[in-house]
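Trainee: I would like to take a close look at one part of this chain, the place where two helices pack against each other. Could you walk me through that contact and then through its surroundings?

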Amino acid sequence: MQQQQILLLLRKLIQIHIPKQKHQTEDEYEQYINRLLRFLTTLLSSRITPSLIQTQDQILLGETIKKRLLKENKSDQLFKFSQLFHKLNSKQMLTNKFNLIYVLNSLGISNQLERGLINNNLSINNATFNFQDNLFKLQNTIKEENQIKRDLLITSPQQNYQPQSNTFSTQNNNTLINNTEIINNHRQQYKQFENTNFEISESILIRDVIYVFQGINGNNIKFDIGLDRFMLDVKVGVPKSTRLLICKLCEMGWLYKKIKQFIDNHNLTSNNNTNGLVSQSFCSAIDKELVEYYKSISTLETQIESQEQTQNPITLRRLAVWAIEPTEVLKFIAILTDACKSKRGGLIASVVYQYTKHGDPLVKNLVSKILEQVCVPIFKMIKDWVTNGELEDPYNEFFVKSNSDVNIDKLWSRKYTFEKEMVPPFIDNDLASKILITGKSINFIRQCCKDTEWAMDIHTTVSLTEGLDYYNISKLEDIVDKVAKVANRRVIELIFDQYKFMQHCFAIKQYLLLGQGDFIQHLLELLHSELNKPTHSIYKHNLLGILESAIRGSNAQYDDQDVINRLDVRLLQPKDNSSDNGWDIFCLDYKITVPLDTIFSKEVMNVYLRIFKFLWNIKRVELMLNETWKKVVNIIRVITALGKKKSNNALITKLLQSLHYSAMIRHEMSRFIASMQFFLMFEVLETSWEKFCNDVKKLRENDGDLDQIISAHYLYLSRIVDLTFLSKSQQNTRVQLEQILLSMIKFMNTQDVLCLISNNAIQKLDDYMEEEDGMDEESVLSEEDQEQLNNLQQCHFQLQQTKNSFEVLSKSINLTTVLDE
């Protein structure tokens with residue numbers, strides 16, 4: 001009678017919670033209710049207990065149900081459930097409230113599965129045992145558990161143990177009696193299906209689990225290499241619920257084994273390329289956490305031994321509750337080890353730092369302790385670098401790299417480089433760049449400037465660098481700022497005072513940029529005859545002798561002796577052209593030594609030589625124009641004197657006309673050259689120099705570093721290159737200017753021919769003057785004179801072409817526009 005009442009109550013309970021749907025017929029609904037009733041009665045009457053329920057917390061279960069209803073957008077049912085749940089908790093007569101709520105929740109989820117409301121891709125474990133997952137906060141790593149749970153809760157009652165009759169009628173009480181018999185049959189079959197005979201005591205299993213926690217094989221639980229997990233021997237007779245629970249507990253042993261293997265693989269003695277000081281610090285921090293883990297296990301073993309003979313011994317379920325927090329810690333450490341595989345140095349710190357923003361206080365505290373240990377070698381390397389300039393990084397873990405193949409003249413630009421991926425995220429790029437420059441400055445002082453006696457104040461640096469850590473970056477910034485200011489100030493003092501940087505800049509401007517006018521003019525006059533020779537006849541020692549004479553013959557002799565000693569001659573590689581002469585290969589050079597070669601590098605000096613070559617060609621053309629002018633003036637004077645005696649001579653008349661015409665062309669060219677030189681010397685060179693001096697003065701006042709000095713000099717040189725038409729943006733103007741200079745040279749070659757014709761005519765006229773006055777005029781105009789007249793006409797025609805070409809090209813160049821750009 002009591003069983004019948006129970007069945008009626010269960011049936012009514014199912015009908016209340018699972019009403020008939022519109023698409024269901026009465027028979028379909030009846031069969032569905034019968035199936036659920038059979039499953040429920042089988043479950044309640046069996047000896048199976050939910051294996052994953054370790055803490056019967058109905059409040060947590062209620063919150064889980066509320067979350068599920070909230071995800072399904074059932075706000076009305078959520079409110080109704082909250083009211084009913086509150087009333088249920090207020091009833092004192094009910095003792096198994098948790099079991100009741102759990103059964104109702106399982107029925108509701110089963111109903112959703114039947115209707116297809118839950119995604120088929122979700123396992124029944126995730127749908128039914130969401131509550132237990134929240135309790136443990138553990139992820140199931142065993143693939144077979146889902147299938148075992150299905151067998152325990154769903155598949156077995158519905159498939160393996162189906163009764164002979166599927167009918168369950170509610171019209172009479174006989175049906176209830178038949179169902180009671182069915183339940184008893186199910187109970188017997190289930191006992192045969194599950195081995196419920198405990199062949200081994202729970203205390204032995206607990207002892208094996210303790211071994212597993214330490215990554216050691218027990219007598220019955222051993223590590224399966226193929227499956228990569230700890231397995232309870234299948235021959236051991238243990239209920240499935242206990243087997244599942246042991247599998248869950250073995251997860252902690254698997255995590256420990258995984259972490260321990262990572263530590264062993266990253267020892268300095270192992271052949272792993274990612275090993276290093278930061279990696280060792282990371283492993284050391286993990287070891288410290290494992291020490292706490294060992295202490296917990298030791299305490300647990302003591303507690304197990306002390307309670308073994310009492311009435312309240314440690315059980316597997318109590319052990320599972322204890323394992324929640326250690327498993328969570330090991331799980332997150334395992335996540336860190338996986339993320340840090342094949343990484344080194346700053347990359348490890350970057351990975352660990354990402355997890356410091358985790359919302360779980362337990363995880364955040366764990367990561368902070370690990371990161372603090374990981375950063376120790378990084379901050380030590382920073383300290384040694386910014387205070388002593390020492391780069392002790394045998395495992396390439398620091399974000400500053402040193403290239404041992406680079407010579408001392410490239411120490412500043414190429415010896416030390418910056419590797420961005422190694423910079424930890426708590427150090428921004430500006431701070432990292434300042435750290436790089438500070439260490440470079442110290443090495444520059446000692447290696448390039450040979451100032452080995454200079455050193456940082458030891459007491460100041462030691463006191464400043466104490467207590468550095470990732471959460472105190474502001475202190476690191478202050479330290480770097482103070483040390484950088486001291487190092488940069490010393491570098492600037494050495495460059496400007498001891499090595500006289502500005503004096504050499506001025507010397508280069510005076511000699512390579514032709515600022516020393518008297519010296520350049522005297523050098524041009526001395527070199528003129530020598531540079532007119534072919535390239536194979538030019539010798540450097542001859543040119544050096546001429547350079548020495550030019551220095552002694554000008555105000556350059558009063559310059560600093562160090563500057564004079566640095567002046568040199570460089571002969572460029574001649575082109576494959578037999579017409580090249582000394583003008584094409586000659587360059588004035590200025591020798592640069594360490595440490596000034598950091599600023600005046602080979603590339604920079606090549607740019608200076610390009611500018612010198614451009615200005616030197618203009619000076620050459622100016623000199624040639626002046627030389628030809630002297631010739632023409634002398635010839636005109638002689639011909640004019642002869643013309644007074646032979647005024648009717650046609651050759652003399654034509655010569656005077658051509659010479660005057662060439663003089664006019666030369667005057668226009670000379671005026672263009674003068675304007676160009678004025679523009680280059682005053683609008684370009686002097687203004688750029690003044691701006692550069694002001695920039696350098698500001699940098700010295702504001703404690704600028706060497707990089708800023710190099711940048712200021714680069715801007716100074718770039719402005720000159722741009723305004724002297726040597727940059728790519730001024731390529732068209734430069735081509736036009738080169739064509740103008742070529743037209744001037746062509747003009748002077750034509751004028752040389754004209755002077756030659758004039759000299760021949762003057763010589764012949766002198767011969768005629770010695771003959772008798774009665775000589776007839778016809779005899780003067782001989783065939784040779786006629787030929788001279790023809791040559792003279794050709795020269796005149798070439799002069800006209802050169803003039804037209806020059807006028808077109810010169811008008812296309814607007815110096816004011818170039819300066820504005």
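Mentor: Happy to, and let me start with a single residue: M748 touches V621, M624, L625 and T628, leaving out residues up to four places away in sequence. Please keep in mind throughout that this is a predicted model. M748 sits in helix 29, which covers residues 731-769. M748 has a relative accessible area of 1%, under the 20% limit, so it counts as buried. In space, M748 and S662 are 9.3 Å apart from C-alpha to C-alpha, although 86 residues separate them in sequence.

Now for the core. The largest nonpolar core comprises 196 residues, and W616 and M744 are the ones with the most contacts inside it. Helix 27, residues 650-701, gives the most to this core, with 19 residues. Let us stay with W616 for a moment: setting aside neighbours within four places in sequence, W616 is in contact with L514, I520, L523, L524, L527, L531, W583 and F586. A second core, separate from that one, has eleven residues, among them I18, Y32, I33 and V103.

That brings us to your pair of helices. Two packed helices are described by the angle between their axes and the distance between the axes. Here the pair is helix 22, residues 517-531, and helix 23, residues 540-552, whose axes come within 9 Å and cross at roughly 150 degrees. An angle over 145 degrees counts as roughly antiparallel, and therefore helix 22 is roughly antiparallel to helix 23. The crossing of these two helices is right-handed.

Which residues of helix 22 and helix 23 meet? From helix 22 come F519, H522, L523, L526, L527, E530 and L531, and from helix 23 come N542, L543, I546, L547, S549, A550 and I551. By type, the residues of this contact divide into ten nonpolar, three polar and one charged. Notice how the two stories join: L523, L527 and L531 belong to the helix 22 side of this contact, and L523, L527 and L531 are also among the residues that W616 touches.

Finally, step back to the whole chain. The secondary structure comes to 31 helices and six strands. Of the 821 residues in the chain, 47% are buried. Among contacts with a separation of 6 or more, 74% are between residues 24 or more positions apart.

Notes: Residues are numbered from 1 along each chain as its sequence is written. This is a predicted model: local features need pLDDT of at least 70, side-chain atom pairs count only at pLDDT 80 or more; totals for chains, interfaces and linings use all residues. Side-chain values use heavy atoms; hydrogens and water are left out. Axes are lines fitted to C-alpha atoms, for helices over the stretch in contact, and angles run from 0 to 180 degrees between N-to-C directions. Helices (H or I, at least four residues) and strands (E, at least two) are DSSP runs, numbered from the N terminus. Angles under 35 degrees count as roughly parallel, over 145 as roughly antiparallel, 65 to 115 as roughly perpendicular and the rest as oblique. A crossing is left-handed if the near helix is turned anticlockwise from the far one by less than a right angle, and right-handed if clockwise. Contact means heavy atoms within 4.5 Å. Ala, Val, Leu, Ile, Met, Phe, Trp, Tyr, Cys and Pro count as nonpolar, Asp, Glu, Lys and Arg as charged, and the others, Gly among them, as polar. Buried means under 20% relative accessible area, exposed over 50%, partly exposed in between (1.4 Å probe, protein chains only). A nonpolar core is a set of buried Ala, Val, Leu, Ile, Met, Phe, Trp, Tyr and Cys residues joined through side-chain atoms within 4.5 Å.
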